[in-house]
Amino acid sequence: MMTKVDRRDGRLALAHLYAAFIALALGGLAGLLQVLVRSGSFTLPANIGYYQVLTVHGVLLGLVLTTFFILGFQHAAISRTSGTYRSGSRKAGWIGFWVMLVGTAMAAVMILLNEATVLYTFYAPLQAHWIFYLGLTFVVVGSWIGGGAMIAEYIHWRKKHPGQPSPLLTFMAIINTVLWIVATLGVAGTVLFQLLPWSLGLVSEVDVLISRTLFWYFGHPLVYFWLLPAYMAWYVIIPKIIGGKIFSDSLARLSFILFLLFSIPVGFHHQLVEPGIDATWKFLQVVLTFMVVIPSLMTAFSLFATFEMYGRSKGATGLFGWFKKLPWGDARFTVPFIGMAAFIPAGAGGLINASNQMNQVVHNTIWVTGHFHLTLATSVVLTFFGIAYWLVPHLTGRVLTKKMNKLAIIQAVVWAAGMSIMSGAMHAVGLLGAPRRSSFSTYGDAPQALDWIPYQVAQAVGGTILFLGIILILYIFTNLAFFAPKGEEEFPIGETADEAEKTPMVLENWKIWLTVLAALILIAYTIPFADMIQNAPPGSKGFKLW
């Protein structure tokens, strides 16, 4: 008997997924326009500004697509592994969804009216309309309400099963929810207490350094909020799809706890060239940033151990014989695997960004954008697509057909090819000094700027291939949601290997982990933050450059 997500919970999850894929369609179109403009051979029609399109692309894909998809996936995962939601939790999930949707619409309208062209990072002193900032606040508050529903269900499960470790997928979803709530306190702080009063004209100036510090307190853990659902699929779901077992439940939980601890007190590594922060505190946060390498390597070890154990159980011999035994014809495995492979160069690029000396070379160049597109737009997004290929039919009562399975693998190959060209060109021309965030310019026909143009053309080629990939995934998603044959698609949940150690309950002792997390944040931020307030530079008035 196949365990299914309750249909009422399924509708809640699906609503989030629909919103995510609409954001993918609109944000992807904006991305295509961007790379075409940067190539120098295309001009936007009807007075649409390049930076307006950039803001649409960044906000829709970086914030809206990811947040809606992750919450939808986590609602389904908790309902599947910890039991059907109680009516109060489900109601809270729906309230959170509608609050987020209203906030998204508010922010989107302001961007489209060209009242909020402040780029993805909405950095002060660029000033947007107050409705844009209020809309973003609604998105965050809505996500808290949805996250609260998940935490309530987890607490309910723990009370019913004292002394037992919670289901692994539920535990991972709760870690990610706690990470999100703690991280978004930073962006909520800067928006509520700085940017909203400033954009409403209640105060005339804003402290830019504090605003950016609070943003990056949120901005770096945001990357792990995107990444951890991909890790959930890699750890728990992929083993079941290939027919193997989870290498170690304890190792998976520990890696997630380490991500929670070491992903938040590291925002200064985005501010290494920023004045006003003492080098000692930057050094401390760079050290903490490198600690994140440990759970990443633990994950790589665990995953490939799972793959090798499965391959050897099927008779594989030699060092890499198991590689051939993996189910390469199954899109539910192959698509996330391409995402995993992309994370190797993506992670290496992250180490360069976080290193003080090397950051001086690449900071504010399009190298950073290339890195970002390898991590989020390849590793994370391809894994999300791989999840959608079984989750959407599971929730809609349909099946992934052979034709759609084949098309899904083609889509992933198209995506990987487009991203390799686009991200590769961004990395290369970033090392030649090409700036990020800027539209096409030859800088007065400066020889250095003219050298960048072939790379910008390559970015347009890669971006066009990627847009083809977006059309394919939207076609597959629509098919799985509305047109695929009726049937039962499995929600795969892996079992732990028989020889794995028993999971110690200390891994679910939240008092310990939340105390350590609070201590790390206070150590990393208290003194430099007090320093910023005591030695505050003059505030900045708002600028509107468009």
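The exercises below, each with a worked solution, concern a predicted model of a protein.

**Exercise 1. Overall form**

Determine how the radius of gyration of the protein relates to that of a compact globule, and describe its secondary structure.

Solution. Begin with the chain length: for 546 residues, a compact globule would have a radius of gyration near 24 Å, and the protein has 23 Å, so the two values agree. Next take the extent along the principal axes, where the C-alpha atoms fill a box of roughly 65 × 50 × 45 Å. Then turn to burial, for which the cut-off is under 20% relative accessible area; 59% of the 546 residues count as buried. Finally, the secondary structure comprises 16 helices and 0 strands.

**Exercise 2. The second largest pocket**

Establish which helices supply the lining of the second largest pocket, and what the lining is by class.

Solution. The pocket holds about 680 Å³ of space. Its lining consists of 38 residues, and those closest to the centre are Val 59, Leu 60, Val 64, Thr 104 and Ala 108. Moving from residues to elements, H1 (7–38), H2 (50–82), H3 (87–112), H4 (130–160) and H5 (168–199) each contribute at least two lining residues, and H2 gives the most, with 9 residues. Sorted by class, the lining of this pocket has 33 nonpolar and 5 polar residues, while charged residues are absent.

**Exercise 3. A bend in H11**

Compare the span of helix H11 with the expected span, and locate its bend.

Solution. Helix H11 covers residues 331–354, which is 24 residues, and reaches 34 Å from its first C-alpha to its last, close to the 34 Å expected at 1.5 Å a residue. Along this helix, the axis bends by about 30° at Ile 344, and a proline, Pro 345, follows within four residues.

**Exercise 4. Backbone exceptions in loops**

Find where the cis peptide bond at Pro 125 lies, and state whether Asn 364 and Arg 437, each with a positive phi, are buried or partly exposed.

Solution. As a point of reference, most residues other than glycine have a negative phi, and most peptide bonds are trans. Against that background, the peptide bond joining Ala 124 and Pro 125 is cis, with omega about 15°, and Pro 125 is found in the loop between H3 and H4. Asn 364 has a phi near 65° and sits in the loop between H12 (356–362) and H13 (366–396); its relative accessible area of 39% makes Asn 364 partly exposed. Arg 437, whose phi is near 70°, belongs to the loop between H14 (402–431) and H15 (447–483), and with a relative accessible area of 26% Arg 437 is likewise partly exposed.

Definitions and conventions
Residues are numbered from 1 along each chain as its sequence is written. This is a predicted model: local features need pLDDT of at least 70, side-chain atom pairs count only at pLDDT 80 or more; totals for chains, interfaces and linings use all residues. Side-chain values use heavy atoms; hydrogens and water are left out. On a 1 Å grid over the protein atoms alone, a cavity is a set of points where a 1.4 Å probe fits but cannot get out, and a pocket is an open set with protein on both sides within 12 Å along at least five of seven lines; lining residues have an atom within 4 Å of a point. Grid points are joined across faces, edges and corners, and a volume is the space filled by probe spheres set on the points. Ala, Val, Leu, Ile, Met, Phe, Trp, Tyr, Cys and Pro count as nonpolar, Asp, Glu, Lys and Arg as charged, and the others, Gly among them, as polar. The expected span of a helix is 1.5 Å times one less than its number of residues. The bend at a residue is the angle between axes fitted to the seven residues ending there and the seven starting there. Buried means under 20% relative accessible area, exposed over 50%, partly exposed in between (1.4 Å probe, protein chains only). The radius of gyration is taken over C-alpha atoms; the globule rule is 2.2 Å times the number of residues to the power 0.38.
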